[in-house]
Amino acid sequence: MTIERTTDAATEPVTAAQVTDALVQSEGWDSARITLLIEAARNAMENITDRSFITQTWTMKLDSFPDVIYVPKGKMLTITSLKYDDSDGTEQTLVVTTDYLLANNSRVARISPVTSWPSTLAEHDSVRLVYTAGYGAASAVPGAIKEAIIAKVEQLYSGKQDNQDMVDALINPYKIFFNYCING
């Protein structure tokens, strides 16, 4: 399985003004650097939690259909497409409720066949799922996640690690443990 972000978040869950308010400013602080650190901190927190905070598009590629497709990156908003290459190599598109069922009421969305999955071409990446994930707008991102991002920016900006326990405490409840979902 491979998964790649095909469209990144259009905005950040926190603003430079929010981070600036949290930082003890010294003369010559760099707002452009803070903006870059916000993106770096969001990416770090998303990697730790295996979630998307702001709406992003992802493409998941599988060599064949598993019994159930567990969809990473947290709250799934929409499925753009679920396609596969049939045994003749022709691309086919599956339809929700006709061909597959979506269970999207837990931390990890699950896709299962209505009856059984079709046969695929015996090639890499024969199954392709394109979907969006995230909380939606920045206003929908939980406050603890925003505070963890701000605390991480403080770490990155100052070079000090003295608030790592706080960052961990804020972000740990949002970890999905995706490997556990797949394997156990």
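## Asp-50, Ser-126 and the overall fold

Asp-50 sits in the loop between α2 and β2 (56-62). The model shown here is predicted. Asp-50 comes just after α2 and takes a positive phi of about 60 degrees. That is a positive value in a residue other than glycine. Is Asp-50 buried or exposed? Asp-50 counts as buried because its relative accessibility is 17%, and the cut-off for buried is under 20%.

**The helix before Asp-50**

Helix α2 covers residues 31-49 and has 19 residues. How does its span compare with what 1.5 Å a residue should give? The expected span is 27 Å, and the end C-alpha atoms are 27 Å apart, so the two agree. Buried residues of α2 include Ile-34, Leu-37, Ile-38 and Ala-41. Arg-42, Asn-43 and Glu-46 are also among them. So are Met-45 and Thr-49.

**The loop between β7 and β8**

A second loop runs between β7 (109-113) and β8 (127-133), and Ser-126 is found there. Asp-125 is in the loop between β7 and β8 too. Asp-125 has a positive phi of about 60 degrees, although it is not a glycine. Asp-125 is partly exposed, because its relative accessible area is 28%, and partly exposed lies between 20% and 50%.

Ser-126 counts as buried, because its relative accessibility is 0%. What does the side chain of Ser-126 have 2.9 Å from one of its polar atoms? The backbone oxygen of Glu-123 lies at that distance. Leaving out residues up to four places away in sequence, Ser-126 touches Leu-62, Asp-63, Lys-83, Tyr-84, Asp-85, Thr-120 and Leu-121.

The three loop residues are listed below.

| Residue | Relative accessibility | State |
|---|---|---|
| Asp-50 | 17% | buried |
| Asp-125 | 28% | partly exposed |
| Ser-126 | 0% | buried |

**The whole protein**

The protein has five helices and eight strands. From the N terminus on, their order is β-α-α-β-β-β-β-β-β-β-α-α-α. The C-alpha trace spans about 65 × 30 × 25 Å along its principal axes.

Of the 184 residues, 41% count as buried. The accessible surface comes to about 9600 Å². Carbon and sulfur atoms hold 51% of that surface. Among contacts with a separation of 6 or more, 74% come from residues 24 or more positions apart.

The protein carries 15 positive and 23 negative side chains. The centres of these two sets lie 5 Å apart.

Key: Residues are numbered from 1 along each chain as its sequence is written. This is a predicted model: local features need pLDDT of at least 70, side-chain atom pairs count only at pLDDT 80 or more; totals for chains, interfaces and linings use all residues. Side-chain values use heavy atoms; hydrogens and water are left out. Helices (H or I, at least four residues) and strands (E, at least two) are DSSP runs, numbered from the N terminus. Buried means under 20% relative accessible area, exposed over 50%, partly exposed in between (1.4 Å probe, protein chains only). Contact means heavy atoms within 4.5 Å. Accessible areas come from the Shrake-Rupley method with a 1.4 Å probe; for residues, only the protein chains shown count as cover. Lys and Arg count as positive and Asp and Glu as negative; His and the chain ends are not counted. The place of a charge is taken as NZ of Lys, CZ of Arg, CG of Asp or CD of Glu. A polar contact is a pair of N or O atoms within 3.5 Å; within protein, one must be able to donate a hydrogen and the other to accept it, and residues adjacent in sequence count only if both atoms are side-chain atoms. The expected span of a helix is 1.5 Å times one less than its number of residues.
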